[in-house]
Amino acid sequence: MAAISFFGDLLQTISDRGRDLISFGRGDIAARANPSELVRFCDDLISRRGEASGVALARLILDRYASFPKSERLAFLRLIAQEFDADHDAVEAAIAAYRSDPTRARLGRLHGAAEPRSQELIRRLNLARDGTLALVRMREDLFDLRNVLRAEEDADSDLIDAVDSLDGDFEHLFASWFNRGFLVLRHIDWTTPAHILEKIIRYEAVHEIQGWDDLRRRIEPTDRRCFAFFHPALADEPLIFVEVALTGAIAPAITPILAHERELQSLRAATTAVFYSISNCQKGLAGVTFGNFLIKQVVEDLAREISSLKTFVTLSPVPGFARWLDRERRADAPQGLTREDVEALRLIDEGDWPHDKAKCEAVRKALLPAAAAYFLRAKNERGRPLDPVARFHLGNGARLERLNFLGDTSPKGLKQSYGLMVNYLYDLSAIEKNHETYANLGTVAASGTVSRELRANLPPPRAVVLAEA
C-alpha cells in the first residue's frame, strides 16, 4: 500500500505541474465549463501528447463533471455517446486496405480505426488521481441515462444504441483494469478500519445489517468470517464481500445464523462453511465478474485454515421466485404447477399462512414442487434459469443441493420468494464438470433431493422459453 501511495503522490505532482502547462488560463475555463464546453475539453484531452498537461486536464474534467447537477451530468454523457464514436471514414478505408492486402499489420490498423474515441477518452481520464473511482461513478450515471432514454415515449433508438455502445466501452476497459490479477483479498474483522466497516454496513445487499452491534455479531466471533476483494486504485472501497458462518451442518434457514443470542460453534467441530451473503458493492462495475473468484479463493483459504471443514455451501435467496409463481398461478396453462397446486397455493394470499400450521403444511406440499420446476424447467431467452442467483452459482460450478421452505421469514424474504431459500453446494471435485455442462449445455446440476420434488405430471415444456422475470 505504501508503494501505491508513493505513485499516487507522484501522479499528483505530475498533475500539479501539468496545470501550469495548460495555456491561456484554460484550467480556469474548464472549471466553469457547461456540459457542451466540457465535451470540447475532452476532445482536447485525447488530442494531447503531453503527459503532464493531459493528467492535469483529466483531473479538471473529472472535477467539473462531479460538480454538475444530475441533469447536466446526463447531458454530458449523452454528448459523449453521440460525438465520440469511431471515425467511420477511417474504418471504411481500413477495411478496403485489408481486403486488398489482408496482412496482420493491416488488420491491426483496422482494429485501431474501429475503436470508438470514447475508449481513448476513458483511458485518458483514468490518468488523473482517483480517476478510476470517478469513472466507476460516471458509469452509474450512464445507467441512469439509459433508463431515462428507454422510458421516453418517442425513444431515440440511435441515441440508445450510442449510449449502449458507450457503456460497452466502460465495461470492456473495466474488465481489464479489474481482472483477478489486480484484486486483493482481505479478511474483514473488528480491527478493520471503521470507514471500511461503515461501507460494509452500507453495501450489504442481501440481509440488511442493523447497525454496528449487528455487524460485530457477524464478523467478530471465531465462527464467523467476512472477506472482501479490493483493488489498488480503490483502496478503501470494497468491490464485493462475502459473509460466512462456520457450522456443524448445512444451514436451512437464515434466522439462526443472524440470531442475537446463539451458541458459539467450536472450530474443531465445524464441518461446514455457509456462504450466506454475497454483496456487490460498486454498481458502476456491473458486468465485471468478481464473485466466482471470491468464492473459490475463500473456499481455498478456509480449507487451508480449518482442516475439519469438508462442506462448502451457500444459503441463498431466490429473488425472482415470487414473481414467477404469481405469474404461473394466474396463467391459463401453467407450466410449473398442476391445477391442484394452483388451488393449494391460494393460501399464500392469506397473510397469516406462515403462522398457521395446517395452512403452512398445505403450502409446503405445493410450493416445493413448484420451486423444483422453477429451477429445473423455467428458462430465460438464453436457455438459462430465470433466477439470477442460480445463474451465478450454477455458472461457477455449484450444484443445487436443497430447497428450504420458509428459510427466510423476514418481510423481504416472504415478498421476494414466499420465504424460500436454497443451498448451492461447492463440491471441489465436481466444480469443473458442473461448470462445463452448464456452460455448454445449460444443464442444471441438482441433487436427487431437488429432482425428486419435480412433479411427474407437468405438461411438456413449451418450445418457447419463459420470459425473463
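The lining of the second largest cavity is made up of 9 nonpolar residues, with no polar and no charged ones. In this predicted model, that cavity has a volume of about 40 Å³. Its walls are formed by Phe76, Leu77, Ile80, Leu121, Ile122, Leu125, Met138, Leu166 and Phe170. Helices feature here: α5 (70-83), α8 (117-125) and α10 each contribute at least two residues to the lining.

The structure holds 2 cavities of 30 Å³ or more, and the largest cavity has a volume of about 60 Å³. The lining of the largest cavity consists of Asp214, Arg217, Arg218, Arg224, Ile257, Leu258, Ala259, Arg262 and Tyr276. By class, these residues comprise 4 nonpolar, no polar and 5 charged. At least two lining residues come from each of α12 (211-219) and α13 (255-258), and α12 gives the most, with 3 residues.

Attention then turned to the open spaces. About 1,400 Å³ of space lies in the largest pocket. A set of 46 residues lines this pocket, and Asn280, Pro388, Val389, Arg391 and Phe392 lie nearest its centre. The lining divides into 20 nonpolar, 17 polar and 9 charged residues. Domain 2 (182-316) and domain 3 (321-453) each provide at least three residues of the lining. As for secondary structure, at least two lining residues are supplied by each of β4 (272-280), α14 (291-305), β6 (316-317), α18 (388-395), α19 (411-417) and α20 (431-441).

The overall setting of these spaces is a protein with 21 helices and 8 strands. Along its principal axes, the C-alpha trace spans about 80 × 55 × 45 Å. Of the 469 residues in the protein, 48% are buried. An unreviewed UniProt entry lists residues 84-178 as "domain: Malonyl-CoA decarboxylase N-terminal". Over residues 84-178, the chain is 79% helix and 0% strand, and the C-alpha atoms at the two ends are 24 Å apart.

Aromatic side chains provide another view of the fold, with a count of 11 aromatic pairs. In one of these, the ring centres of Phe178 and Phe290 are 6.4 Å apart and the planes stand at 75 degrees, so the pair is edge-to-face. Phe178 sits in the loop between α10 (157-177) and β1 (184-187), and Phe290 in the loop between β4 and α14, so the contact ties together parts that are 112 residues apart in sequence. Both Phe178 and Phe290 are buried. An edge-to-face pair is also formed by Phe321 and Tyr374, at 5.4 Å centre to centre and with 70 degrees between the planes. This pair links distant parts of the chain, as Phe321 belongs to helix α15 (residues 321-330) and Tyr374 to helix α17 (residues 357-376), 53 residues apart. Phe321 and Tyr374 are both buried.

Ring pairs also join Phe170, Phe174, Trp177, Phe178 and Phe290 into a cluster. Readers may recall Phe170 from the lining of the second largest cavity.

A last site of interest is Gly448, found in helix α21 (residues 448-451). Gly448 has a relative accessible area of 37% and is partly exposed. The C-alpha atoms of Gly448 and Leu400 are separated by 9.7 Å, although the two residues are 48 residues apart along the chain.

Notes:
Residues numbered from 1 in each chain as written. Heavy atoms only, no water. 1 Å grid on protein atoms, 1.4 Å probe; cavity = no way out; pocket = protein on both sides within 12 Å on 5 of 7 lines; lining within 4 Å. Points joined across faces, edges and corners; volume = space filled by probe spheres on them. Helix = DSSP H or I, 4+ residues; strand = E, 2+ residues; numbered from the N terminus. Nonpolar A, V, L, I, M, F, W, Y, C, P; charged D, E, K, R; others polar. Domains from an automatic or database assignment. UniProt positions renumbered as here; feature names shortened; annotations may be inferred. Phe/Tyr/Trp six-rings, centres within 6.5 Å; stacked < 30°, edge-to-face > 60°. Buried < 20%, exposed > 50% of the residue type's maximum accessible area, 1.4 Å probe, protein only.
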